[in-house]
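Here are a few notes to read alongside the model. I have put them as numbered points so you can take them one at a time.

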Amino acid sequence: MVEIVKSIDGQKISSVYIVGDLHGCYSLLMQELKKIDFDFENDLVICTGDLVDRGVENLECISLLDQPWFFTVRGNHEEMCIRSPHDRKIKDIHARNGGEWFYQLSSRKQSEISSRFQQLPLVIEVQLGHKKIGVVHADIDIHDWNAFKQDIMQGDYKISGVTSAYSNALWGRGRIRQQSAHYDSVENIDEIYLGHTIVKELIKVDNCYYIDVGSSFTKKLCIVKVQ
């Protein structure tokens, strides 16, 4: 059973960090964790998704899923790995956007990776001592965290003129692109951290923080300490 929304009790964890999309930059992550004196025994890092593609250390980034100090939400690049065997169009888009390495693997290895990615949640929420934070890959356009969680559990439904919370969480860019009256702070959550859309530095829109600084292109990562 896939845990679409994963809840973590962060109150017993020494320090909690959120990192933007990794895109195959394993060494860069390790270098940045060293700089902040990350404690692998007692600290936790949560990624905004897109572990793979574009960079060259894709299998190393996937190996992070075996580490007790690392969690990630599912990004659209993980979703493309999952959907590509059944969707030629997705496979073509994926291959053109950094996914070539995946199709050079044996079908068995592809299947194994796809299965790992299917287990990833789309939402992580962490209860800290003084606040609750959420992590979502791409976008949230529902202004109530609890309503958003309920909607995302419905899966990627197709209704004309309506984008599901599931699809938005993986692919959306509405809030950061429009920053208009259509959007507002999300209630019942203190802070939400997102990746997907590349920014020069951390950008805050309402109570949403965008932290994907283009790791594979810029050789930089944004890591935010939330506790």
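1. A definition first, as the next point leans on it: the expected span of a helix is 1.5 Å times one less than its number of residues. Please also keep in mind that this is a predicted model.

2. Start with helix α4, which covers residues 88-103 and so has 16 residues, for which a straight helix would reach 22 Å at 1.5 Å a residue. In the model, the end C-alpha atoms of α4 are only 13 Å apart. Where does α4 bend? The bend is at N97, and it amounts to about 100°.

3. Have a look at the start of α4 too. There, D87 extends a side-chain oxygen to within 3.1 Å of the backbone nitrogen of K89.

4. Which residues of α4 are buried? They are I90, H94, G98, G99, W101 and F102. A general point helps in reading such a list: an α-helix has 3.6 residues a turn, so residues three or four places apart point the same way. The cover over the buried residues of α4 includes α2 (58-63), α3 (76-83) and α5 (107-118).

5. Helix α3 deserves its own look, being mostly covered, with 7 of its 8 residues buried. The buried ones are N76, H77, E78, E79, M80, C81 and I82. Among the elements covering them are α4, α5 and α7 (165-171). The two helices thus appear in each other's cover, since α3 is listed for α4 and α4 for α3.

6. A record touches this region. UniProt, in an unreviewed entry, places the feature "domain: Serine/threonine specific protein phosphatases" at residues 73-78. In the model, that span is 50% helix and 0% strand, and its end C-alpha atoms lie 10 Å apart.

7. Now for the whole chain, which holds 9 helices and 10 strands. Its radius of gyration is 17 Å, close to the 17 Å that the globule rule gives for 227 residues, so the chain is as compact as a globular protein of that length. Along the principal axes, the C-alpha atoms fill a box of roughly 50 × 45 × 35 Å. Of the 227 residues, 56% count as buried. Among contacts with a separation of 6 or more, 71% come from residues 24 or more positions apart.

8. Is S215 buried or exposed? This residue of helix α9 (residues 215-218) has 1% relative accessibility and counts as buried, because the cut-off for buried is under 20%. Its side chain has a polar atom 3.0 Å from the backbone oxygen of D21, and it also reaches the backbone oxygen of L22 at 3.0 Å. Leaving aside neighbours within four places in sequence, S215 is in contact with D21, L22, H23, C25, L28, K220 and L221.

9. Y210, in strand β9 (residues 208-210), likewise counts as buried at 1% relative accessibility. Not counting residues up to four places away in sequence, Y210 touches partners including A138, D139, R175, I176, L194 and G195. From Y210 to G99 it is 23 Å, C-alpha to C-alpha, with their places 111 residues apart in sequence.

10. Last, the segment before β1 (5-9) contains E3, which counts as partly exposed at 40% relative accessibility. The C-alpha atoms of E3 and S216 are separated by 29 Å, and the two residues are 213 apart along the chain.

Notes:
Residues numbered from 1 in each chain as written. Predicted model: local features only at pLDDT ≥ 70, side-chain atom pairs only at ≥ 80, totals over all residues. Heavy atoms only, no water. Helix = DSSP H or I, 4+ residues; strand = E, 2+ residues; numbered from the N terminus. Bend = angle between axes of the 7 residues up to and from the residue. Buried < 20%, exposed > 50% of the residue type's maximum accessible area, 1.4 Å probe, protein only. Contact = heavy atoms within 4.5 Å. Polar contact = N/O pair within 3.5 Å; in protein donor to acceptor, adjacent residues only side chain to side chain. UniProt positions renumbered as here; feature names shortened; annotations may be inferred. Rg over C-alpha atoms; globule rule 2.2 N^0.38 Å.
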